[in-house]
Amino acid sequence: MEGARDYYTQPEGQLEDPPTNWRDVIRYLGPSVIISATIVGSGEIILTAGLGAAVGYAMLWWVLFSCWSKSILQAEMARYIVLSGDTYLRALNRIPGRIRGPRKDFSWPIGLGLLGFATGLTGLGGLIGGAGLAVSMVVPDIQPLYAVGGLAVLAALLLGTGHYRRIETLMLVFVITFTVLTVTGAVTMQWTEFSTTVADLKSGFSFEFRVEYAVLALAAYGYTGVNASEIAHYTYWCIEKGYPARIGRYDGSEAWFARAEGWLRVLRADIWITLLLLTCATIPFYILGAGVLHPLGETPSGNDTISALSHMFTQTLGAWSIWPFALGAFAILFSSSLAGVAAGARFIPDYLIELGYLERDSLPTRQAIIRWYCLGVPFVGFGLYAGFERPVLMVTIAASYAAIMLPIQNGMTIYLQSKHLPERVRPRWAARWFLRTMFVVQSVLALAVIYFAIL
């Protein structure tokens with residue numbers, strides 16, 4: 001099996017037997033919590049609620065499908081990474097079909113990933129723009145553009161110095177608090193004129209697809225739940241958690257297979273937690289959008305996005321909830337901005353390595369690249385927001401490209417598992433069948449995104 005230990009991976013010599021009971025398994029969970037803190041972001045608060053506001057309950061089935069259908073890809077991509085020792089970008093570079101580069105050839109998915117950086121930066125502008133709008137909501141004297149500029153400065157300071165890690169826990173508390181508040185709002189609305197009936201829920205499973213809102217629906221699919229970027233990010237968190245190092249380099253021994261199968265059980269438990277958290281965080285947003293904003297005829301767009309979304313809370317919890325909503329919206333969107341920039345910075349050295357511009361053991365250079373990326377990119381996001389000033393559109397652009405990348409990730413996972421993993425640790429037939437089915441479905445959806453983009 002190819003795939004030497006990578007510079008993101010812990011050193012050799014840390015082989016460890018997997019935990020054998022649930023109490024010990026819990027000690028080794030963690031990537032799910034990190035990725036869940038980034039999952040609860042623009043997809044949920046802007047696109048999911050926005051879709052509910054546009055179509056009502058009719059596409060509840062679509063939101064559930066968006067949440068659940070991508071977890072199998074997350075699991076199987078992570079399986080390959082933790083067993084092979086590859087990083088995500090090294091895995092991409094193993095795909096056949098080479099492009100001649102200035103230094104060395106690289107695979108075509110690497111080229112698509114580089115194109116995705118442009119749309120990712122647009123999405124970043126939408127995130128930091130939404131966070132700025134939340135600030136302006138509670139401090140009206142601050143113009144949105146100035147608020148966004150101030151947040152770009154704050155993000156650069158936090159990321160450039162590394163101090164952002166000190167507020168990760170606080171941000172996670174905000175995200176959890178806001179999610180609990182959202183669930184509370186969805187429950188409380190049942191005692192208001194916006195209550196959800198059994199008939200409303202049934203209409204959500206009529207499998208109706210509103211073509212007039214196809215772009216919004218496809219964007220919601222691309223960003224709801226675990227999106228293409230977060231699938232890639234998750235693999236890096238698994239490496240940092242030490243799963244590959246504990247399994248060790250493949251040697252064909254029974255001890256290696258025992259460690260691999262045991263740590264894969266831990267990985268599956270971690271992914272189930274991700275699925276549970278993202279479902280609990282997503283569905284209440286849709287129900288509030290469908291139950292409150294749709295009857296009011298409000299569809300979030302432009303600079304009134306956050307203001308319109310706040311009615312989900314003020315109409316169910318009362319006028320006082322504008323403050324916790326604004327705080328929660330800020331925490332979700334700004335923490336997602338920080339996480340997105342930090343993760344993007346980590347990809348850059350890996351790209352340069354695969355393109356032949358950087359040696360794998362050049363640690364000081366990698367650290368300098370990461371630092372300068374973190375210092376500069378928040379201002380790129382600010383500049384893009386200043387040009388668009390439409391957070392929903394900006395996030396939709398990024399989400400649409402993410403939907404296009406999903407079948408590529410899926411096909412890549414199928415290929416890499418079949419070529420580079422021993423038969424004994426490949427997924428069982430049911431997982432293989434589902435992964436292949438989703439490859440077909442996601443390919444059709446990617447073509448639909450391209451079709452509607454051309455129109």
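**Figure 1. A lysine over a tyrosine ring.** In this predicted model, the charged end of K70 sits over the ring of Y221, with 4.7 Å to the ring centre. Y221 doesn't stand alone, either: ring pairs join it with W61, W62, F65, F207 and F209 in a cluster. Y221 is also one of the α11 residues that meet α18. For a second charge over a ring, look at R424: its charged end sits over the ring of F257, 4.4 Å from the centre.

**Figure 2. F207, a cluster member with an unusual backbone.** Most residues other than glycine have a negative phi. F207 is not a glycine, yet its phi is positive, at about 55°. Look for F207 in the loop between α10 (198-203) and α11. Is F207 buried or exposed? Its relative accessibility is 57%, so F207 counts as exposed. Its ring still belongs to the cluster with W61, W62, F65, F209 and Y221.

**Figure 3. Helix α11 across helix α18.** Here α11 (residues 214-223) meets α18 (residues 391-420), with the axes coming within 7 Å and crossing at roughly 65°. That angle makes α11 roughly perpendicular to α18. The crossing is left-handed. On the α11 side, the residues to pick out are V215, L218, A219, Y221, G222 and Y223. They meet V395, T396, A398, A399, S400, A402, A403 and L406 of α18.

**Figure 4. Helix α7 alongside helix α18.** Two packed helices are described by the angle between their axes and the distance between the axes. For α7 and α18, those values are about 150° and 8 Å. How do the two helices run relative to each other? The angle makes α7 roughly antiparallel to α18. Their crossing is left-handed. From α7, the contact draws on W108, L112, L115, G116, T119, T122, G123, G125, G126, L127, G130 and L133. From α18 come P391, M394, V395, I397, A398, Y401, M405 and I408.

**Figure 5. Zooming in on T122.** T122 is part of helix α7 (residues 108-138). With a relative accessibility of 10%, T122 counts as buried. Which residues does T122 touch, once neighbours within four places in sequence are set aside? The contacts are L384, M394 and I397. Two of these names, M394 and I397, also appear on the α18 side of the α7 contact.

**Figure 6. Helix α12 against helix α18.** Helix α12 (residues 228-241) and α18 have axes that come within 8 Å and cross at roughly 50°. The two are therefore oblique to each other. A228, I231 and A232 make the contact from α12, while A402, M405, L406 and Q409 make it from α18. Among these α18 residues, A402 and L406 also meet α11, and M405 also takes part in the contact with α7.

**Figure 7. E389, in the loop leading to α18.** E389 sits in the loop between α17 (363-388) and α18. Its phi is positive, about 55°, although E389 is not a glycine. At 29% relative accessibility, E389 counts as partly exposed.

**Figure 8. Two aromatic pairs.** A search of the whole structure turns up 14 aromatic pairs. In one of them, the ring centres of Y243 and W263 are 6.0 Å apart and the planes are at 35°, so this pair is tilted. Y243 belongs to helix α13 (residues 243-247) and W263 to helix α14 (residues 254-296), so the pair ties together parts that are 20 residues apart in sequence. Y243 and W263 are both buried. The other pair shown, F330 with F334, is stacked, at 5.3 Å centre to centre with 15° between the planes. F330 and F334 are 4 residues apart in helix α16 (residues 322-354), which puts about one helical turn between them. F330 is buried at 17% relative accessible area, and F334 is buried at 1%.

**Figure 9. L276 and W68.** L276 lies in helix α14. The relative accessible area of L276 is 55%, so this leucine is exposed. How many residues along the chain lie between the positions of L276 and W68? They are 208 residues apart, but their C-alpha atoms are separated by 9.5 Å.

Methods:
Residues are numbered from 1 along each chain as its sequence is written. This is a predicted model: local features need pLDDT of at least 70, side-chain atom pairs count only at pLDDT 80 or more; totals for chains, interfaces and linings use all residues. Side-chain values use heavy atoms; hydrogens and water are left out. Rings of Phe, Tyr and Trp (its six-membered ring) pair if their centres lie within 6.5 Å; planes under 30 degrees apart count as stacked, over 60 as edge-to-face and the rest as tilted. Buried means under 20% relative accessible area, exposed over 50%, partly exposed in between (1.4 Å probe, protein chains only). A charge sits over a ring if NZ of Lys or CZ of Arg is within 6 Å of the ring centre and within 35 degrees of the ring normal. Axes are lines fitted to C-alpha atoms, for helices over the stretch in contact, and angles run from 0 to 180 degrees between N-to-C directions. Angles under 35 degrees count as roughly parallel, over 145 as roughly antiparallel, 65 to 115 as roughly perpendicular and the rest as oblique. A crossing is left-handed if the near helix is turned anticlockwise from the far one by less than a right angle, and right-handed if clockwise. Contact means heavy atoms within 4.5 Å.
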